[in-house]
Amino acid sequence: MSSEELHGNPPPIPSGIDVRVYSMEYCPYAQRTRLALAVKGVPFDVINCNLKRKPAFFLEANPNGQVPVLLHDGNVIYESEVTVEYIDEVFPGKFRLYPANPGDRARARLVMINFSSKVVPALYKAYREPNEENETALLNHLEQFVENPLKKLGTPYYGGDHVGVIDINLWPFLERVDASAASGYWKALSPDRFPTLLAYIERMKQTEGIKETIHSPEEHAHVRISYKSPDPDYNHHSKSPIYAAA
């Protein structure tokens, strides 16, 4: 482990901060919550949790034992998409993540549903078994559900000129696609086949509120290998304190 794990209850939220997130540094779902807060410019405190030895305070907040959990103003919110919607409503900021128009909101949800039901399972299957068949399936899904819709939109982000809810929802997984290619875990995306997606990935990596959460390909590779062990290295280059059951 790269840093010491803590036990017991975490200290109170620091003065001047109203939001705390129970997270795990490398969980893409928890990353969504942190992205939404960062893009909105909301100061927040992070407590990372060992998901193999879950601390009692974390299970009390979410009996399902899953991150993220958002604590704010007496509210305990979990499920990544629910936390992002809450953040968007409570902290309007300079722009909203969800479209104002009901039809556009419904279409945004459909994009996220298709991505979660098609691309994410293909990504995890290629993670577990990196062979040509699984990589081909992942590439086909990326082309159908990301490259082609992005090209049709013709805007810098799914949210238009700024990051929107779809960008927040998809990015953690696209980061892992990019990092796995960069580390040689599978083939790089072809510029001929994925010009729009590759440009989008580079744009997101330079976007305020996004770039601060990104991990290097080497870090992703370390954690991906670690997940296969009985005691995953949840502490690897953790930016926040990590709590575990004693």
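## Contacts and the main core

Contact here means heavy atoms within 4.5 Å. In this predicted model, Leu142 touches Val119, Glu147, Leu174, Val177, Leu189 and Phe194, leaving aside residues up to four places away in sequence. Leu142 is also among the residues with the most contacts inside the largest nonpolar core, together with Leu174 and Leu197. That core has 49 residues. Strand E1 (19-23), helix H1, helix H3 (80-90), helix H4 (102-128), helix H5 (132-153), helix H6 and helix H7 (195-204) each supply at least two residues of this core.

Another core, of 16 residues, lies apart from the largest one. Its members include Tyr22, Cys49, Val69 and Leu71. In soluble globular proteins, nonpolar side chains tend to be buried together.

## Aromatic pairs

A pair of aromatic rings is described by the distance of the centres and the angle of the planes. The structure holds eleven aromatic pairs. In one of them, the ring centres of Tyr29 and Phe173 are 5.3 Å apart and the planes stand at 70°, so the pair is edge-to-face. This pair links distant parts of the chain, 144 residues apart: Tyr29 belongs to helix H1 (residues 28-40) and Phe173 to helix H6 (residues 165-182). Tyr29 is partly exposed, at 32% relative accessibility, whereas Phe173 is buried, with a relative accessible area of 1%.

The rings of Tyr185 and Trp186 form another pair, with centres 5.7 Å apart and planes at 55°, so this pair is tilted. Trp186 counts as buried because its relative accessibility is 7%, and the cut-off for buried is under 20%. Ring pairs join Tyr29, Phe115, Tyr124, Tyr127, Phe173, Tyr185 and Trp186 into a cluster. Tyr185 also has a charged partner: the charged end of Arg224 sits over the ring of Tyr185, 3.6 Å from the ring centre.

## Arg32 and helix H8

Arg32 is placed in helix H1. Is Arg32 buried or exposed? Arg32 is buried, with a relative accessible area of 2%. Leaving out residues up to four places away in sequence, Arg32 touches Ser80, Glu81, Val84, Ser116, Ile168, Asn169, Pro172 and Phe173. Phe173 is thus listed both as a contact of Arg32 and as the ring partner of Tyr29.

Helix H8 covers residues 217-226. The buried residues of H8 are Glu219, His220, Ala221, Val223, Arg224 and Ser226. Arg224 in this list is the residue whose charged end sits over the ring of Tyr185. What covers the buried residues of H8 includes H4 and H6.

## Pocket and cavity

The largest pocket encloses about 430 Å³ of space. Its lining has 19 residues, of which Arg107, Val111, Leu153, Tyr158 and Ile166 lie nearest the pocket centre. H4, H5 and H6 each supply at least two residues of this lining. H4 gives the most to the lining, with five residues.

How many cavities of 30 Å³ or more are there? The count comes to one. The largest cavity has a volume of about 60 Å³. Glu135, Leu138, Leu139, Leu142, Val177, Trp186, Lys187 and Leu189 line the largest cavity. H5 provides the largest share of this lining, four residues. Among the lining residues, Leu142 touches Val177 and Leu189, and Trp186 is the ring partner of Tyr185.

## Backbone details

Val67 and Pro68 are joined by a cis peptide bond, with omega of about 5°. Pro68 lies in the loop between helix H2 (56-61) and strand E3 (69-72). Val69, one of the residues of the 16-residue core, falls within strand E3 (69-72).

Asp73 and Glu79 are residues other than glycine with positive phi values. Phi is near 55° in Asp73 and near 80° in Glu79. Asp73 is found in the loop between E3 and strand E4 (75-78), while Glu79 lies in the loop between E4 and H3. Asp73 is exposed, with a relative accessible area of 66%. Glu79 counts as partly exposed, at 41% relative accessibility.

Conventions: Residues numbered from 1 in each chain as written. Heavy atoms only, no water. Phe/Tyr/Trp six-rings, centres within 6.5 Å; stacked < 30°, edge-to-face > 60°. Buried < 20%, exposed > 50% of the residue type's maximum accessible area, 1.4 Å probe, protein only. Lys NZ or Arg CZ within 6 Å of the ring centre and 35° of its normal. Core = buried A, V, L, I, M, F, W, Y, C linked by side-chain atoms within 4.5 Å. 1 Å grid on protein atoms, 1.4 Å probe; cavity = no way out; pocket = protein on both sides within 12 Å on 5 of 7 lines; lining within 4 Å. Points joined across faces, edges and corners; volume = space filled by probe spheres on them.
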